[in-house]
Amino acid sequence: MPQKSRALVMEEPGELEVKNLEVPETGAKDILVKVELSGICGSDVHMYDGGMDLDFPVLPGHEFSGVIEDLGDDVDTDAKGEPVSEGDKVTVVPGIVCGECWYCNNVPTRPTTCKNRDVYGFLGTDYRQGVHGGFSEYMIADGRSSFYKLPDEMDIELGALAEPLSVATRAFERAYSPGIPDAREGIGIGKSIAVQGAGPVGLLAMSAAEAAGAGQIIAVDAIEERLSLAQEFGATHTVDLTQYDGDDDLIQAVKELTPGNVGPDAAIEAAGIPVAFSQGIELPRDGGTLVEVGHYAYSGEAEVNPTRVVQKDIDIRGSLAYPPNQFETSLSLLDQLKDDVPFDTLFNHKAGFDDAESAYEAQKSGEAYRATIHPFGV
Ligand SMILES: [Zn+2]
Ligand SMILES: [Zn+2]
């Protein structure tokens, strides 16, 4: 059992410091995870830039995988029911609900509505035992949180994609509902979907769409390299938005790719740029669906014409994170696709604690798809 855990603590927004934290005894329902790597998310960049009102100092890192270093006496299985023991590769669902608020009692199928939700990676270092974020050699997943064992033959690094893939698969499943494809509700087998933004969440949503049997997957982005990677993640068509003068031309170009030139059955906005939301209302065919997942962090206001929302009879759905068992979906999908989709190319900027700033900068500039922090070095 390690006594100490070196951790990258954000003292204040933009101010990172390596601290040596005390590792407490593993509680009966807890697991102690030795962290292999932890991704830097758009929300981490937002935190770094001072856009989040948190209880600093914070221990960041919510997209991580590692191995079980120690487990409490009462822990026999992961959240799926798989037996676990020391040395198993795992990934941890960062969000923990309170189980007591109105939403937990009345809308338990949507746990991200919990009003007292704690999320590893956004908590102050005085929270519970203090050792709880992914930018740390060790982290404790306490008994209230869910964790999942990785399939035996899965590379441990891919486990750090379970979190962003859960954001992506849930967003995709929001487009799937209400679920009568032959009534042309949402997306179904053989149907058409556009994904705005070929960053990690957009790319992963494309893979989900392909695995679910979408007939046409249109990737929309401004960066050529991302669009060519999109084809490896399942896109059947790509649209480079820099080639079009205005919104109307872009929307027209997407529509012309679809059967009947009416537009895709669904669009997923994963770019996180306000104008993409406005375009996203126009992209799907009438009676289609728009899922908004890109604007997790505030990045400005979008123009909306409510008359178009009515005229198009469009379904607009928000997608905030995911319920814990979305990780089961994501790990299964990673396992199915790992030999066909180059998931590891997303990890194109790896850093230890010493050059963490460069990793944040690479994530911020878009140079990295998913910059990663490796507590024990790259
Ligand atoms: Zn994230
Ligand atoms: Zn609650």
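1. Val167 is a residue to start with, and in this predicted model it counts as buried because its relative accessible area is 15%, which falls under the 20% limit used for that word. Val167 sits in helix α3, a helix that covers residues 162-176. Leaving aside residues up to four places away in sequence, Val167 touches Val201, Val293, Ala321 and Tyr322. A reader who follows the chain in the viewer may also note that Val167 and Phe327 are 160 residues apart in sequence, yet their C-alpha atoms are 9.4 Å apart in space.

2. Which residues hold the zinc ion that is written as ligand 1? The zinc ion (ligand 1) is coordinated by Cys41 through SG, by His62 through NE2 and by Glu63 through OE, at 2.2 to 2.5 Å. Along the sequence, these donor residues follow the spacing C-x20-H-E. Cys41 and His62 link distant parts of the chain, being 21 residues apart, with Cys41 in the loop between β3 (31-39) and α1 (42-48) and His62 in the loop between α1 and β4 (64-71). Both Cys41 and His62 are buried.

3. The zinc ion (ligand 2) is coordinated by the SG atoms of Cys98, Cys101, Cys104 and Cys114, at 2.3 to 2.4 Å. Its donor residues are spaced C-x2-C-x2-C-x9-C in sequence. Why is the arrangement around the zinc ion (ligand 2) described as tetrahedral? The four donor atoms subtend angles of 103 to 117°, and the term applies to four donors if all angles lie between 85 and 135 degrees. For comparison, the ideal angle for four tetrahedral donors is 109.5 degrees.

4. Two of the cysteines at the zinc ion (ligand 2) deserve a separate look. Cys98 has a relative accessibility of 22% and therefore counts as partly exposed, whereas Cys104, at 16%, counts as buried.

5. The UniProt record, in an unreviewed entry, lists residues 28-152 as "domain: Alcohol dehydrogenase-like N-terminal". In the model, the C-alpha atoms at the two ends of residues 28-152 lie 25 Å apart, and the span is 10% helix and 26% strand.

6. The structure holds 18 salt bridges. One of them joins the side chains of Asp88 and Lys149, with a distance of 3.7 Å from N to O. This pair links distant parts of the chain, since Asp88 is in the loop between β4 and β5 (89-92) and Lys149 is in strand β9 (residues 147-149), 61 residues apart. Asp88 is buried, with a relative accessible area of 16%, while Lys149, at 21% relative accessibility, counts as partly exposed.

7. Asp265 forms a salt bridge with Arg285, and the closest N and O atoms of the pair are 2.5 Å apart. Asp265 lies in the loop between α6 (247-257) and β13 (266-269), and Arg285 lies in the loop between α7 (274-282) and β14 (289-292), so the pair ties together parts that are 20 residues apart in sequence. Both Asp265 and Arg285 are buried.

8. Another salt bridge brings together the side chains of Glu282 and Arg308, at 2.8 Å from N to O. Glu282 lies in helix α7 and Arg308 in helix α8 (residues 306-312), so the pair ties together parts that are 26 residues apart in sequence. Arg308 is partly exposed, with a relative accessible area of 28%. Elsewhere, salt bridges that share partners join Asp118, Arg128, Asp142 and Arg144 into one network.

Note on methods
Residues are numbered from 1 along each chain as its sequence is written. Chains are lettered from A and ligands numbered from 1 in the order in which they are written. This is a predicted model: local features need pLDDT of at least 70, side-chain atom pairs count only at pLDDT 80 or more; totals for chains, interfaces and linings use all residues. Side-chain values use heavy atoms; hydrogens and water are left out. Donors are N, O and S atoms within 2.8 Å of the metal (3.2 Å for Na, K and Ca); water is not among the atoms, so sites may look incomplete. Helices (H or I, at least four residues) and strands (E, at least two) are DSSP runs, numbered from the N terminus. Buried means under 20% relative accessible area, exposed over 50%, partly exposed in between (1.4 Å probe, protein chains only). Four donors count as tetrahedral if all angles lie between 85 and 135 degrees; four count as square planar and six as octahedral if opposite donors are over 155 degrees apart and all others between 65 and 115; anything else is irregular. UniProt positions are given in the numbering used here, feature names are shortened, and annotations may be inferred rather than shown by experiment. A salt bridge is a side-chain nitrogen of Lys or Arg within 4 Å of a carboxyl oxygen of Asp or Glu. Contact means heavy atoms within 4.5 Å.
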